[in-house]
Amino acid sequence: MKQDSDLHLRTDIFRAVIEIDRCGSISHAAANMYMSQPNLSAQVRTLEDTLGYRIFERSNSGVHATAQGRMFLDSARIIVNELENIKNVPSRFSSDQSNLSISCVFSVVILNHFLSFRSEFPGNQANDLFKETGLRRCIEDIASRQYRLGFVYEFHHEGSDLEELAKRYLLDFHLLAPNIPILAIMSKDHPLSKRSSIPLEVLATTPLVAFEYLKDDNWLEAMGLSNPHEVLYISDRGGMLEIITRGRHVGISIGTPFFNVKNEALVSVPITGINRVINQYWVKPSNYQLSFVEEKFLDYVTHSDSTRE
């Protein structure tokens, strides 16, 4: 390990390493950052030599963070987020906060609330923002103040990960809906569609399709599906619907079915055997004062008849 006096780290390499981790590829990250691949590789090697440990493991399938690398990336993201916060201080005093700015882990219920709220309370809708993403990206969106209000899920357990996230990123988490079910979504012609429930051990031998954030955030393992037979990861609702409708794959959906339209070709069946419950939370930066429209939206979500997933 290098002595502290030898650690002279440039913050631009933090952004580069974060991009490499996101892409799983140094060459793709270099292209995204308008750098040459050899130059970026050399910078990473220099950084690792300076730190005295490897950030990434290289293989034919790409690069993956080591255990030490994951800890480095956690801190690097905080540093980059706080640098952005410092840079954006003036805009927080001058920006219009009469709009909604939401980053949300995939949730058709929150999406429906957002659309209904806009319909019932037409305001500064031209500037409303709504993004669906994974848990990690949602937390980064709120911590960096790219979005002001977030909605996330977490498996509830003692020593909650949210407590660590709250401390690390200076965030406030508030319970919105407890004990949300996890459903299997499939074609009505699928062999499992007539069951009243599907145990985990059956799902483990069934071809599955899930949103890719479930892979990034280790959700299937947390559910108890640590070694499923086959999983296809998809990034969007349309792709999920298309694959499930074809009939071979079973989809994993948290709460209500992930699609926002009536689809008589599909059925949803509760999954049993999951030993941990899922709660939904809303989140904001600890030092952020909610605007009037944000308080109004949260009140709308909290008191709606369809708040629970």
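## Backbone, helix 3 and nonpolar cores

Asn179 lies in strand 6, which spans residues 171-180. In this predicted model, the phi of Asn179 is near 55 degrees, a positive value in a residue other than glycine. Most residues other than glycine have a negative phi. Because its relative accessibility is 45%, Asn179 counts as partly exposed.

A positive phi is also found at Tyr34, again not a glycine, with a value of about 55 degrees. Tyr34 belongs to the loop between helix 2 (26-32) and helix 3. Its relative accessibility is 78%, over the 50% cut-off, and therefore Tyr34 counts as exposed. Gly52, just after helix 3, takes a positive phi of about 90 degrees. The three residues are set out below.

| Residue | Phi | Location |
|---|---|---|
| Tyr34 | about 55 degrees | loop between helix 2 (26-32) and helix 3 |
| Gly52 | about 90 degrees | just after helix 3 |
| Asn179 | near 55 degrees | strand 6 (residues 171-180) |

Helix 3 itself covers residues 37-51, a run of 15 residues. From its first C-alpha to its last, helix 3 reaches 21 Å, close to the 21 Å expected at 1.5 Å a residue. At the start of this helix, a side-chain oxygen of Ser36 comes to within 3.2 Å of the backbone nitrogen of Asn39.

Which residues of helix 3 are buried? They are Leu40, Ser41, Gln43, Val44, Leu47, Glu48, Thr50 and Leu51. An α-helix has 3.6 residues a turn, so residues three or four places apart point the same way. Polar side chains also occur in the buried set, among them those of Gln43 and Glu48.

For the chain as a whole, the secondary structure comes to 13 helices and 13 strands. The chain has 309 residues, of which buried residues make up 47%. About 16,000 Å² is exposed, with carbon and sulfur atoms supplying 51% of that area. Among contacts with a separation of 6 or more, 73% are made by residues 24 or more positions apart.

The largest nonpolar core holds 52 residues, and Val152, Phe173, Trp219, Met223 and Ile252 touch the most other members. Leaving aside neighbours within four places in sequence, the contacts of Ile252 include Ile182, Leu183, Leu203, Leu208 and Val209. Ile252 is likewise in contact with Met223, Met240 and Ile271. A second, separate core comprises 22 residues, including Ile13, Phe14, Ile20 and Val63.

Methods:
Residues are numbered from 1 along each chain as its sequence is written. This is a predicted model: local features need pLDDT of at least 70, side-chain atom pairs count only at pLDDT 80 or more; totals for chains, interfaces and linings use all residues. Side-chain values use heavy atoms; hydrogens and water are left out. Helices (H or I, at least four residues) and strands (E, at least two) are DSSP runs, numbered from the N terminus. The expected span of a helix is 1.5 Å times one less than its number of residues. Buried means under 20% relative accessible area, exposed over 50%, partly exposed in between (1.4 Å probe, protein chains only). A polar contact is a pair of N or O atoms within 3.5 Å; within protein, one must be able to donate a hydrogen and the other to accept it, and residues adjacent in sequence count only if both atoms are side-chain atoms. Contact means heavy atoms within 4.5 Å. Accessible areas come from the Shrake-Rupley method with a 1.4 Å probe; for residues, only the protein chains shown count as cover. A nonpolar core is a set of buried Ala, Val, Leu, Ile, Met, Phe, Trp, Tyr and Cys residues joined through side-chain atoms within 4.5 Å.
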